[in-house]
Amino acid sequence: MFIIGIILITIGVIFSTLGALGLVRMPDLYNRLQTSTKATTLGAFSTIIGVGFLNPAWLIKTIVIATFILLTAPISSHNLARASHKWGIPLSDKTSVDKYDSKTGKEE
Amino acid sequence: MTILIWIWSIILSISIILVLYRCIKGPSLPDRVIALDMFTTITTGLLVLIAHFLNNYILLDVSLVYSLLAFISVIAIARYLESSKRG
């Protein structure tokens, strides 16, 4: 249990740092959104579950917090991406297709 | 064990500083909202680590309420952006 907890927390910390680096380095709003949401969801999830493994009396409560983060992070990022596309944030220059656009795409 | 917790906390603090750089520099409003969302998520993990370090059960409740408030605030800002014009 102890070794599993240490490994899980290390993975979570590494993924959180990589997500923060991606948030600084990416060229576009949508790339930043994708990077930050994926990396941070796994990072926070793994960190919290790892603390639950280190301290087994807290395991159920940490699973509740981690499941909450796992469920709500994609919802908020999806809402934010749709709202910013409707608000008119431009895409990056290297983007090849935009299926959500009203002129070139089929949807809407 | 204490040294490991110190190392993890310092690395998470460095990533929080990177996120705050994007929050200050970000060219548009949704960039700043993304940065704040990621800031709260990393801070939730850091709070749980601090709860284990101090052996304090209350901080788990604090982290749960903190992530709930972050989720609601991001949804509210997204709704506000969707119903307004850029300018």
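**Helices and the A–B interface in a predicted two-chain model**

UniProt, in an unreviewed entry, places the feature "transmembrane region" at residues 6–24 and 36–54 of chain A; such positions follow the numbering used here, feature names are shortened, and annotations may be inferred rather than shown by experiment. The model itself is predicted, so local features need pLDDT of at least 70 and side-chain atom pairs count only at pLDDT 80 or more, while totals for chains, interfaces and linings use all residues. Residues are numbered from 1 along each chain as its sequence is written, and chains are lettered from A and ligands numbered from 1 in the order in which they are written.

On confidence, the predictor gives the complex an ipTM of 0.85 and a pTM of 0.87. Chain B has a mean pLDDT (the predictor's confidence in each residue, from 0 to 100) of 89, with 98% of its residues at 70 or more.

Back to the annotated stretches. In chain A, residues 6–24 are 100% helix (helices are DSSP runs of H or I, at least four residues, strands are runs of E, at least two, and both are numbered from the N terminus), with end C-alpha atoms 28 Å apart. Residues 36–54 of chain A are likewise 100% helix, and their end C-alpha atoms lie 26 Å apart. For chain B, the unreviewed UniProt entry puts "transmembrane region" at residues 6–24, 36–58 and 64–81. The 6–24 span of chain B is 100% helix with its ends 27 Å apart, C-alpha to C-alpha, and the 64–81 span is 100% helix with a 26 Å separation.

As for the interface, 36 residues of chain B are in contact (C-beta atoms, placed from the backbone, within 7 Å) with 40 residues of chain A. H1 (2–25), H2 (29–54) and H3 (58–82) of chain B each supply at least two residues of that side of chain B; the largest share, 14 residues, comes from H2(B).

The third helices come next. H3(A) has 29 residues, which should span 42 Å at 1.5 Å a residue, and its end C-alpha atoms are indeed 42 Å apart; the expected span is 1.5 Å times one less than the number of residues. Among the buried residues of H3(A) are A:Ile65, A:Ile69, A:Ala73 and A:Leu80, where buried means 20 or more other C-beta atoms within 10 Å of a residue's own, exposed means 12 or fewer, and partly exposed is in between, with C-beta atoms placed from the backbone. The buried residues of H3(A) pack against H2 of chain A together with H2 and H3 of chain B. After H3(A) comes A:Gly88, with a positive phi near 105°.

Technical notes:
Two residues are in contact if their C-beta atoms, placed from the backbone, lie within 7 Å.
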